[in-house]
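Q: I should like to learn how the features of a structural model are read, beginning with a helix and proceeding to the sheet and the cores. May we work through one case together?

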Amino acid sequence: MRKKNLLLKMAAVLFSLSLFVQAQAADSAPPLVSTQWVEDQLATISNPDQTKIRLIEVSKKYDQGHIPGALQMKWGSETFDPTTDHMVLSLDQVERIMGNLNAPPSAHIVLYDGQDKVHFVARVYWTLKYWNYPNVSIMD
């Protein structure tokens with residue numbers, strides 16, 4: 001039984017890696033960007049009128065501190081459909097939320113969580129990919 005569980009976990013990791021590689025090959029934005037890359041882009045990110053790069057913190061504690069220029073996507077109400085059992089947001093919901101953040105599909109969207117809850121960020125990453133937002137990265 002342990003061997004079967006280990007094999008299932010290994011298969012899941014390999015599948016995830018293959019999706020990651022496919023995402024990187026298909027898009028102009030890499031799946032991961034460094035904190036140094038974000039720091040180098042702060043002049044752009046901090047300008048609220050631009051739509052080239054949108055830095056989005058996925059969390060409940062945005063008000064307790066965030067990277068300058070970062071916008072908030074609220075964990076819960078803006079990351080999964082609250083009327084269902086945590087299902088993926090509909091395209092209309094995603095477009096409304098991203099529109100409120102002035103983050104069009106053409107923008108390079110960089111996601112992070114200041115509390116190291118990467119599963120929150122990963123959920124948003126894959127939701128945006130699912131709805132054909134091509135330029136999405138996670139801050140490493």
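**Reading helix α4 and its surroundings**

A: In helix α4, the residues Gln 93, Val 94, Ile 97 and Met 98 are buried. Viewed down the axis of α4, the buried residues fall within an arc of 120 degrees, so they line one face of the helix. Please keep in mind throughout that this is a predicted model.

Q: Which residues are exposed on the other side of α4?

A: Asp 92 and Asn 100 are exposed there. The cover over the buried residues of α4 includes β2, β3, β4 and α5.

Q: What is the sign of phi in Asn 102, which follows α4?

A: Phi of Asn 102 is positive, near 50 degrees, in a residue other than glycine. Asn 102 is placed in the loop between α4 (91-100) and β4. With a relative accessible area of 36%, Asn 102 is partly exposed.

Q: Where does Asn 132 lie, and is Asn 132 buried or exposed?

A: Asn 132 belongs to the loop between α5 and β5. Its relative accessible area is 62%, so Asn 132 counts as exposed, the cut-off being over 50%. Phi of Asn 132 is also positive, near 65 degrees.

Q: Is Asn 135, in the loop between α5 and β5, buried or exposed?

A: Asn 135 is buried, at 14% relative accessibility. Setting aside neighbours within four places in sequence, Asn 135 is in contact with Ser 28, Ala 29, Pro 105, Ser 106, Ala 107, His 108 and Ile 109.

Q: Let us turn to the sheet. What is the order of the strands in the open sheet?

A: The general idea is that strands of a sheet pair through backbone hydrogen bonds, either parallel or antiparallel. In this model, five strands form an open sheet in the order β1-β5-β4-β2-β3, and the pairing is parallel. Strands β1 (32-33) and β3 (71-74) are the edges, each pairing on one side only.

Q: How many bridges join β2 to β4, and how many join β2 to β3?

A: β2 and β4 run parallel and are joined by five bridges; in β4, Tyr 112 is the bridge partner of Glu 57. β2 and β3 also run parallel, with four bridges between them, and Ser 59 stands opposite Lys 74 in β3.

Q: Over how many bridges do β4 and β5 pair?

A: Strand β4 (residues 108-112) and strand β5 (residues 136-139) pair in the parallel sense over three bridges. Leu 111 has Ile 138 of β5 opposite. Helix α5 (residues 118-130) packs on the sheet and touches β2 (53-59), β3, β4 and β5. The direction of α5 makes about 170 degrees with that of β5.

Q: Which residues point one way from β2, and which the other way?

A: In a regular strand the side chains alternate between the two faces of the sheet. From β2, Ile 53, Leu 55, Glu 57 and Ser 59 point one way, whereas Arg 54, Ile 56 and Val 58 point the other way. The strand is mostly covered, with seven of its seven residues buried.

Q: Which members of the largest nonpolar core touch the most other members?

A: In soluble globular proteins, nonpolar side chains tend to be buried together. Here the largest nonpolar core has 22 residues, and those that touch the most other members are Val 58, Met 73, Met 98, Ile 109, Leu 111 and Leu 128. Two or more residues of this core come from each of β2, α4, β4, α5 and β5. The largest share, five residues, is that of α5.

Q: What does Leu 128 touch?

A: Not counting residues up to four places away in sequence, Leu 128 touches Val 94, Met 98, Ile 109, Leu 111, Tyr 133 and Val 136. Another core lies apart from the largest one; it has nine residues, among them Val 33, Ile 45, Ile 53 and Tyr 112.

Q: Is Tyr 125, found in helix α5, buried or exposed?

A: Tyr 125 counts as buried, at 1% relative accessibility. Tyr 125 and Ile 109 are 16 residues apart in sequence, and their C-alpha atoms are 9.1 Å apart in space.

Key:
Residues numbered from 1 in each chain as written. Predicted model: local features only at pLDDT ≥ 70, side-chain atom pairs only at ≥ 80, totals over all residues. Heavy atoms only, no water. Pairing = 2+ DSSP bridges. Contact = heavy atoms within 4.5 Å. Axes fitted to C-alpha atoms, helices over the stretch in contact; angles between N-to-C directions. Buried < 20%, exposed > 50% of the residue type's maximum accessible area, 1.4 Å probe, protein only. Arc of directions from axis to C-beta. Core = buried A, V, L, I, M, F, W, Y, C linked by side-chain atoms within 4.5 Å.
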